[in-house]
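Please read the report below alongside the sequence and the coordinates. It moves from strand pairing to a metal site, and then to helix packing and a loop.

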Amino acid sequence: MQDKVKATTNTNLIEGATGEWEIIVGLEVHAQVASASKLFSGASTAFGGDPNSHVSLVDAAMPGMLPVINSECIAQAVRTGLGIKAEINLKSVFDRKNYFYPDLPQGYQISQYKQPIVGEGEVEIDVDGEAMKVGIERLHLEQDAGKSIHDQHPEYSYVDLNRSGVALMEIVSKPDMRSAKQAQAYVTKLRTILRYLGTSDADMEKGNLRADVNVSVRKPGDELGTRCEIKNVNSIRFIGQAIEVEARRQIDIIEDGGTIDQETRLFDSVKGETRSMRSKEEAHDYRYFPDPDLLPLEITQEYVDDLERGLPEMPDEKKDRFMRDFGLSDYDAGVLIAEREKADYFEKVAEGRDGKFAANWVINELFGRLNKEGLSIAASPVSAAQLGSIVGLIASETISGKIAKDLFEIVWSEGGDPAEIVEKRGMKQVTDTGAIEKTVDEIMAANPDKVEQAKAKPNLMGWFVGQVMKASGGKANPKAVNEILKKKLGI
Ligand code: MN
């Protein structure tokens with residue numbers, strides 16, 4: 001593993017009026033923990049309920065209510081820590097992060113500050129075929145806030161507390177990324193890891209994965225510049241756009257003789273710009289202190305080891321295995337492992353068959369078609385068993401590759417057992433050399449001039465191959481056709 005990871009060489013410098021600039025990016029990703037109930041209450045975390053229908057007395061911060069930690073959320077945080085190869089802290093502490101906002105009835109968020117549950121780790125990413133590691137600073141558990149709704153009635157604002165108290169994992173990276181592309185690859189990989197682990201749905205559209213993007217710029221070799229934080233960016237595409245426009249804004253300011261103010265900004269995807277929200281607060285502004293309602297959280301090494309034994313095969317391991325056992329290229333293996341469902345599908349197709357050949361069909365025919373129709377792998381009309389059967393029919397030379405594409409179309413739109421369809425519709429490949437020879441003789445007899453040309457110029461034989469295939473309705477075995485033609489043309 002070590003040898004394929006290179007130190008970050010910066011080929012991502014961007015041009016300014018005074019020379020080249022380097023972009024420095026660090027990300028704080030908030031991922032909603034996959035758990036039926038909230039971090040400190042039994043209220044449901046289900047998405048899309050009526051406003052204020054999933055709110056317990058704890059979530060509403062009624063006086064005297066006490067938080068009780070949800071053990072499943074702890075297990076999910078530890079699993080995630082293990083999945084990003086991080087240090088697990090056997091003792092961690094919940095703190096109050098104090099601030100006022102209408103959607104935060106407690107007047108503070110319960111979070112972790114000095115002693116988070118997960119410490120340093122790393123995530124390996126791949127950008128344009130080059131592997132690199134992004135350091136993880138920490139992962140901590142915290143509560144989500146409620147939601148303010150301003151647009152339903154002009155004179156009122158509303159508060160929906162359904163999200164209040166939902167468990168979040170805040171995953172903080174080191175400032176290791178040097179381009180928008182690297183940051184996008186990092187979030188994509190993190191999402192893959194979370195989904196493999198089942199610790200977060202990591203669905204950006206539902207807001208259960210959002211990123212705060214820290215961006216600064218400097219001349220290569222200089223000290224780190226002042227950073228701005230762009231809050232709550234909610235798509236991978238927007239993360240890339242936000243980084244690029246923010247870096248450009250900072251470079252322009254510095255080159256005009258100005259300085260960067262540390263501040264919190266938001267990305268306006270319609271205007272393609274970032275805008276100031278507020279000057280950046282420092283940690284001490286929040287008056288963090290340990291929550292007196294919660295004891296320090298202590299877990300044992302046995303508990304951690306137990307969770308580790310229960311982890312699934314992770315994407316990097318799966319990729320290595322696919323390359324080793326199926327002889328796949330780095331690229332193909334990467335495409336297949338990007339989603340666990342895709343990898344599982346491929347393995348069913350490849351079982352007992354040529355892996356490379358199966359991968360070609362899964363990636364080119366199936367994924368290509370799913371993409372075109374905007375379907376997920378789970379919604380594929382062609383099952384892994386059906387595609388496996390098609391691949392098997394080609395491998396056994398029962399059907400030709402060309403006929404297999406027709407067969408794929410039939411199974412896609414009508415369903416059915418591929419072997420039966422081949423049988424019923426007479427799609428079997430003709431390997432009977434007698435029959436092929438007869439067709440070859442007929443075509444040669446009808447085209448004496450072409451025969452003469454092909455004898456002189458062997459690469460003109462392709463024309464005959466095409467004619468024979470056409471005459472057989474694509475069913476002639478191309479290998480047999482080639483052999484017979486070579487013999488008859490004396491090539
Ligand atoms: Mn946070």
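Strand β1 (residues 14–16) and strand β2 pair in the antiparallel sense over 3 bridges, where two strands count as paired if DSSP finds at least two bridges between them, and G16 stands opposite G19 in β2. These two strands, β1 and β2, form a hairpin with 2 residues between them. Helices (H or I, at least four residues) and strands (E, at least two) are DSSP runs, numbered from the N terminus.

The model is predicted, so local features need pLDDT of at least 70 and side-chain atom pairs count only at pLDDT 80 or more, whereas totals for chains, interfaces and linings use all residues. Residues are numbered from 1 along each chain as its sequence is written, and side-chain values use heavy atoms, with hydrogens and water left out.

Strand β2 has further antiparallel partners, and the table lists its pairings with β11 and β10.

| Partner of β2 | Residues of partner | Bridges | Bridge pair |
|---|---|---|---|
| β11 | 209–218 | 10 bridges | L27 with V213 |
| β10 | 167–173 | 5 bridges | Q32 with L168 |

Because 12 of the 14 residues of β2 are buried, this strand is largely enclosed by the rest of the structure; here buried means under 20% relative accessible area, exposed over 50%, and partly exposed in between, with a 1.4 Å probe and protein chains only.

Which residues supply the protein donors of the manganese ion? They are H30 (NE2), E142 (OE) and E170 (OE), lying 2.0 to 2.3 Å from the ion, and their spacing in sequence is H-x111-E-x27-E. The pair of H30 in strand β2 (residues 19–32) and E142 in strand β7 (residues 130–143) links distant parts of the chain, 112 residues apart. Donors are N, O and S atoms within 2.8 Å of the metal (3.2 Å for Na, K and Ca), and since water is not among the atoms, sites may look incomplete. H30 counts as buried at 11% relative accessibility, and E142 is also buried, with a relative accessible area of 4%.

A separate open sheet is formed by 3 strands in the order β5-β4-β15, with antiparallel pairing. The edges are held by β5 (108–111) and β15 (289–290), each with a single partner strand, so one side of each is left without a neighbour in the sheet. Strand β4 (residues 95–98) pairs with β15 over 2 bridges, and R96 stands opposite F289 in β15.

Helix α6 (residues 330–337) packs against helix α7 (residues 340–350) at an angle of about 115 degrees, with the axes 6 Å apart. That makes α6 roughly perpendicular to α7, a class that covers 65 to 115 degrees, while angles under 35 count as roughly parallel, over 145 as roughly antiparallel and the rest as oblique. V335, L336 and I337 of α6 meet R340, K342, A343 and F346 of α7, where contact means heavy atoms within 4.5 Å.

K318 lies in helix α5 (residues 315–326) and counts as buried at 6% relative accessibility. Leaving aside residues up to four places away in sequence, K318 touches Y196, E313, I337, A343, D344 and E347.

T398 is found in the loop between α9 (384–395) and α10 (401–414), and, with residues up to four places away in sequence not counted, T398 touches L393, V422, K428 and Q429. The C-alpha atoms of T398 and N477 are separated by 8.9 Å, although these residues are 79 apart along the chain.

How values were computed:
Axes are lines fitted to C-alpha atoms, for helices over the stretch in contact, and angles run from 0 to 180 degrees between N-to-C directions.
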